Amino acid sequence: MLVKELLFAYKFRRVWWFTATSRTKARFARTVLGSFWLGLTNLLTIVALGTVYGTVFSVSDPRQYFIYLGLGLVVWNTLASSIISAPQLFAHNASNIKNKSLPPLFYTLEEWAFQLQTFVQSFSLVFIVLAIIKPYIITNFILYSWLPLLNFIIFIYWFPLLICLIGAWYTDLCQLVPVVMQIIFLISPILYEKQNLEGLEWIINLNFIYKVLDPIRSSILEGFISYQDAMFLLFINFVGTFVSLRLLNRQRRSLPFLV
């Protein structure tokens, strides 16, 4: 059945990608800057938080800290958005699920494409500005970030899908997930560096969402990648994708009665 799902995703790739693109265009309809707002909003946030927290933590290299903070925030925003929106994905498409013949897989692919497009648009502008500050990150990005980015792309599909399927049965997740994500953000070294945890580094080892974010930032900022950890995460991603698609296939017939 997994092969069937993959064949459907490939066959209708232009359709779900087009509908995701249409959502992006509708999001910024009648605006002057259009999707440019995605990157600009992130830049303004990075400048504001970087100025404040750079002073609070007395960072020795402000330019390095701005890059550290900027890369962390832009990746986190997509991770958080894809996970927080997951519990209500099928509820938002309830009418289509009940009245159209498209399988639920289509709506998960559309949401995934929407999140990817949002990430690319916001990341591109932020990265260009940060590359002006530290040009060497361009080389690091090309040479080292491809595997962490691949893990990130796969993760923001299967993990939100898993939450989405659970959320179809237990709507409590709609209230719980945003709270949990806010807590994870605060305990993750995104606004601050790892050494600021001072003995609480074990929190990072339990924070699997941060394990997706950190390799991207480290590969771009430091030109470092642990291929052992990256391959292990890739394996987890493939297992997660397989399990989530199997669960989606099992719940396919019951979804119209749940949403």
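Contact here means heavy atoms within 4.5 Å of each other. The structure treated in these exercises is a predicted model.

**Exercise 1. Determine how helices H9 and H12 are oriented relative to each other, and which residues join them.**

Solution.
Step 1. Helix H9 covers residues 146-169 and helix H12 covers residues 208-221; their axes come within 9 Å and cross at roughly 155°.
Step 2. Angles over 145 degrees count as roughly antiparallel. H9 and H12 are therefore roughly antiparallel to each other.
Step 3. The crossing in which H9 passes H12 is left-handed.
Step 4. On the H9 side, the contact involves Pro148, Leu149, Phe152, Phe155 and Phe159. These meet Phe208, Ile209, Val212, Pro215, Ile216 and Ser219 of H12.
Step 5. Sorted by character, the residues of this contact comprise 10 nonpolar, 1 polar and no charged.

**Exercise 2. Determine how helices H8 and H9 are oriented relative to each other, and describe the character of their contact.**

Solution.
Step 1. The axes of H8 and H9 come within 6 Å, and the crossing angle is roughly 65°.
Step 2. The range from 65 to 115 degrees counts as roughly perpendicular. H8 and H9 are therefore roughly perpendicular to each other.
Step 3. H8 contributes Phe141, Leu143 and Tyr144 to the contact, while H9 contributes Trp146, Leu147, Pro148 and Leu149.
Step 4. The residues of the contact of H8 with H9 divide into 7 nonpolar, no polar and no charged.
Step 5. Pro148 and Leu149 of H9 take part in the contact with H8, and Pro148 and Leu149 also take part in the contact with H12.

**Exercise 3. State how many salt bridges are counted, and locate the partners of each.**

Solution.
Step 1. A salt bridge requires a side-chain nitrogen of Lys or Arg within 4 Å of a carboxyl oxygen of Asp or Glu. The count by this rule is 2 salt bridges.
Step 2. One salt bridge joins Arg23 and Glu111, with 2.9 Å between the closest N and O atoms. Arg23 belongs to helix H2 (residues 13-27) and Glu111 to helix H7 (residues 105-133), so this pair ties together parts that are 88 residues apart in sequence.
Step 3. Arg23 has a relative accessible area of 31% and is partly exposed, whereas Glu111 is buried at 12%.
Step 4. Another salt bridge is formed by the side chains of Asp61 and Lys134, at 4.0 Å from N to O. Asp61 lies in the loop between helix H3 (36-56) and helix H4 (62-84), and Lys134 in the loop between H7 and helix H8 (136-144), so the pair ties together parts that are 73 residues apart in sequence.
Step 5. The relative accessibility of Asp61 is 32%, which counts as partly exposed, whereas Lys134 is buried at 14%.

**Exercise 4. Classify Thr108 and Val3 as buried or exposed, and place each in its helix.**

Solution.
Step 1. Buried means under 20% relative accessible area, and exposed means over 50%.
Step 2. Thr108 is located in helix H7. At 4% relative accessibility, Thr108 counts as buried.
Step 3. Leaving aside residues up to four places away in sequence, Thr108 touches Leu89, Phe90, Tyr157 and Leu161.
Step 4. Val3 is part of helix H1 (residues 2-11). With a relative accessible area of 58%, Val3 is exposed.
Step 5. Between Val3 and Asn151 there are 21 Å in space, C-alpha to C-alpha, for a separation of 148 residues in sequence.

Key. Residues numbered from 1 in each chain as written. Predicted model: local features only at pLDDT ≥ 70, side-chain atom pairs only at ≥ 80, totals over all residues. Heavy atoms only, no water. Axes fitted to C-alpha atoms, helices over the stretch in contact; angles between N-to-C directions. Helix = DSSP H or I, 4+ residues; strand = E, 2+ residues; numbered from the N terminus. Parallel < 35°, antiparallel > 145°, perpendicular 65-115°, else oblique. Left-handed = near helix turned anticlockwise from the far one by under 90°. Nonpolar A, V, L, I, M, F, W, Y, C, P; charged D, E, K, R; others polar. Buried < 20%, exposed > 50% of the residue type's maximum accessible area, 1.4 Å probe, protein only.
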